[in-house]
Amino acid sequence: MFAERLTRLGTETAFAVSQEAAALKAKGKVIFPFHLGDINIRTPDNIIAAAHKALLDGKTGYCSNAGIVELRDALAFDINATHGTRYSADNIAIQPGGKPVIGKFIMTLMNPGDEVLYPNPGYPIYESMIEFHGGVGLPYSYREVDGQYRLDVESLEKSITPRTRLLIYNDLHNPSGAESTPEEMQQIAEIVRKYNLYVLCDEAYFDMRYEGKSRSLVSLPDMVERCVILYTFSKRFAMTGWRLGAAIGPKSIIDWIAKLNLNDESCTAHFIQHAAIEGLTGDQAGVRQIVQTLKARRDTAVDRLNSIPGIKCLKPQATFYLFPNATEAMAIKGISDYEKFRRDVLHTTGVSFCTRLHFGRALPGENQRYLRFAYSGIDMAMIEEGLGRFKAYMES
Ligand code: PLP
């Protein structure tokens with residue numbers, strides 16, 4: 001009865017962790033939600049007011065498949081300022097979220113049997129969409145080098161074959177918070193040129209940073225013609241549930257993506273696009289407050305995690321994720337199975353997190369164990385109490 005392709009459709013297993021945590025909560029257990037990358041901070045008031053006004057002004061009908069031109073102009077201006085590019089409205093197709101860009105990029109540029117490089121650990125929708133559309137995923141990995149997570153460029157290049165067409169590159173990386181150095185980004189650009197690849201630059205966390213400055217692959221020579229940026233309003237403006245994002249790239253690719261919009265959702269919600277213009281061009285006080293709130297949470301969470309026996313946590317300058325190494329902690333508890341450890345901590349302490357396995361199958365030879373903590377959906381007091389309980393569990 002069901003189509004064969006559905007057997008290749010993946011999922012976000014982090015949602016299963018949410019459900020498990022919710023079921024425990026319903027039974028009265030206090031849960032410390034570090035598992036899901038949602039944001040429990042309100043969208044800035046000026047954006048909410050702009051959405052309200054747009055509704056009252058009648059922005060309730062269909063609009064252009066690629067998105068309203070005023071928003072595309074504002075987004076092009078915003079991106080050009082940080083990326084050193086010269087995009088215009090023609091280079092942008094607005095989407096109901098950043099996530100749809102993944103499938104649409106693949107549908108536009110990948111034929112069945114083509115190979116696509118993607119990060120593992122990484123956002124699970126990459127692998128799901130590659131396989132669903134009949135492609136072959138080539139996972140590449142990250143390593144801990146000198147107290148930083150580094151993309152394993154060497155093994156990435158080694159896995160390339162004549163059938164490899166696309167690279168998915170998530171700089172400011174979920175789940176690890178890893179970020180390419182300028183040298184690493186240069187190496188990636190060289191590989192893209194050498195093997196004639198097209199790239200999905202997933203920049204969902206480009207603006208979620210606490211120190212330093214984000215860099216984009218598109219700012220390197222020849223890359224603007226080869227890259228499609230996944231842009232999202234979800235994180236920067238705390239708008240996850242509004243569903244608003246964009247594909248940004250060469251006009252020839254964007255025109256096809258806009259045609260996919262036409263066939264799929266027709267257009268992204270009209271009034272929400274007007275609200276997003278206020279986000280990009282209006283008062284930025286609310287946006288700054290989001291980053292400050294997250295930075296304080298990061299600092300506390302990293303300190304507390306590092307005080308827990310057997311846990312070693314790096315301090316990423318961006319994203320809202322931590323990816324502590326828990327190899328020793330699991331050894332102390334005598335538990336080698338990820339799920340067993342996660343459940344034991346959850347049921348004993350109420351602390352709910354994901355593990356490396358929620359971001360892809362473990363790769364051959366992988367012997368370190370990692371957990372993923374998101375601090376975007378949990379307040380400071382709960383971070384302190386939860387990680388205190390985790391510590392007590394490890395010391396018991
Ligand atoms: N890309 C990455 C790496 C993400 O972590 C997420 C969401 O968590 C997305 C894309 C998609 O987010 P959204 O669809 O809310 O824009």
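This report covers the two domains of a predicted model, the interface between them and a set of salt bridges.

**Domains and interface**

The protein chain splits into two domains. Domain 1 takes in residues 4-42 and 286-395. Domain 2 spans residues 61-281. Taken over C-alpha atoms, the centres of domain 1 and domain 2 are 25 Å apart.

The domains touch. On the domain 1 side, 37 residues are in contact, and they meet 39 residues of domain 2. The size of an interface is often given as the accessible area lost when the parts come together. Domain 1 and domain 2 bury about 3300 Å² between them. Carbon and sulfur atoms account for 59% of that area.

Polar links also cross the interface. The rule finds 21 residue pairs in polar contact between domain 1 and domain 2, with both residues at pLDDT 80 or more. Two elements each give two or more residues to the side of domain 1 that touches domain 2: α10 (285-306) and β11 (321-322). Helix α10 provides the largest share, six residues. By residue type, this side of domain 1 has 19 nonpolar, eight polar and ten charged residues.

**Salt bridges**

The count of salt bridges comes to 30. Between domain 1 and domain 2 the count is five. Three pairs are set out below, each with the distance between its closest N and O atoms or from N to O.

| Pair | N to O distance |
|---|---|
| Lys-295 and Glu-211 | 4.0 Å |
| Asp-207 and Arg-236 | 3.7 Å |
| Glu-339 and Arg-343 | 3.6 Å |

Take Asp-207 and Arg-236 to begin with. Their salt bridge has its closest N and O atoms 3.7 Å apart. The pair links distant parts of the chain, 29 residues apart. Asp-207 sits in the loop between β8 (198-202) and β9 (227-232). Arg-236 sits in the loop between β9 and β10 (245-248). Are these two residues buried or exposed? Asp-207 is partly exposed, because its relative accessible area is 28%. Arg-236 counts as buried, because its relative accessibility is 11% and the cut-off for buried is under 20%.

Next comes Lys-295 with Glu-211. Lys-295 lies in helix α10, while Glu-211 lies in the loop between β8 and β9, so the salt bridge ties together parts that are 84 residues apart in sequence. Lys-295 is partly exposed at 30% relative accessibility. Glu-211 is partly exposed too, at 29%. Both residues also belong to a network of salt bridges. That network links Glu-211, Lys-295, Arg-298, Asp-299 and Lys-315.

Glu-339 and Arg-343 pair within one element. Both lie in helix α12, which covers residues 338-349. They are four residues apart, about one turn of the helix. Their side chains meet in a salt bridge at 3.6 Å, N to O. How accessible are the partners? Glu-339 is partly exposed, with a relative accessible area of 24%. Arg-343 also counts as partly exposed, at 37%.

**In brief**

Domain 1 and domain 2 share an interface that buries about 3300 Å². Helix α10 gives six residues to the domain 1 side of that interface. Lys-295 lies in α10, and a salt bridge joins Lys-295 to Glu-211.

Note on methods. Residues are numbered from 1 along each chain as its sequence is written. This is a predicted model: local features need pLDDT of at least 70, side-chain atom pairs count only at pLDDT 80 or more; totals for chains, interfaces and linings use all residues. Side-chain values use heavy atoms; hydrogens and water are left out. Domain bounds come from an automatic or database domain assignment. Contact means heavy atoms within 4.5 Å. Buried area is the accessible area (1.4 Å probe) that two parts lose on being put together, summed over both. A polar contact is a pair of N or O atoms within 3.5 Å; within protein, one must be able to donate a hydrogen and the other to accept it, and residues adjacent in sequence count only if both atoms are side-chain atoms. Ala, Val, Leu, Ile, Met, Phe, Trp, Tyr, Cys and Pro count as nonpolar, Asp, Glu, Lys and Arg as charged, and the others, Gly among them, as polar. Buried means under 20% relative accessible area, exposed over 50%, partly exposed in between (1.4 Å probe, protein chains only).
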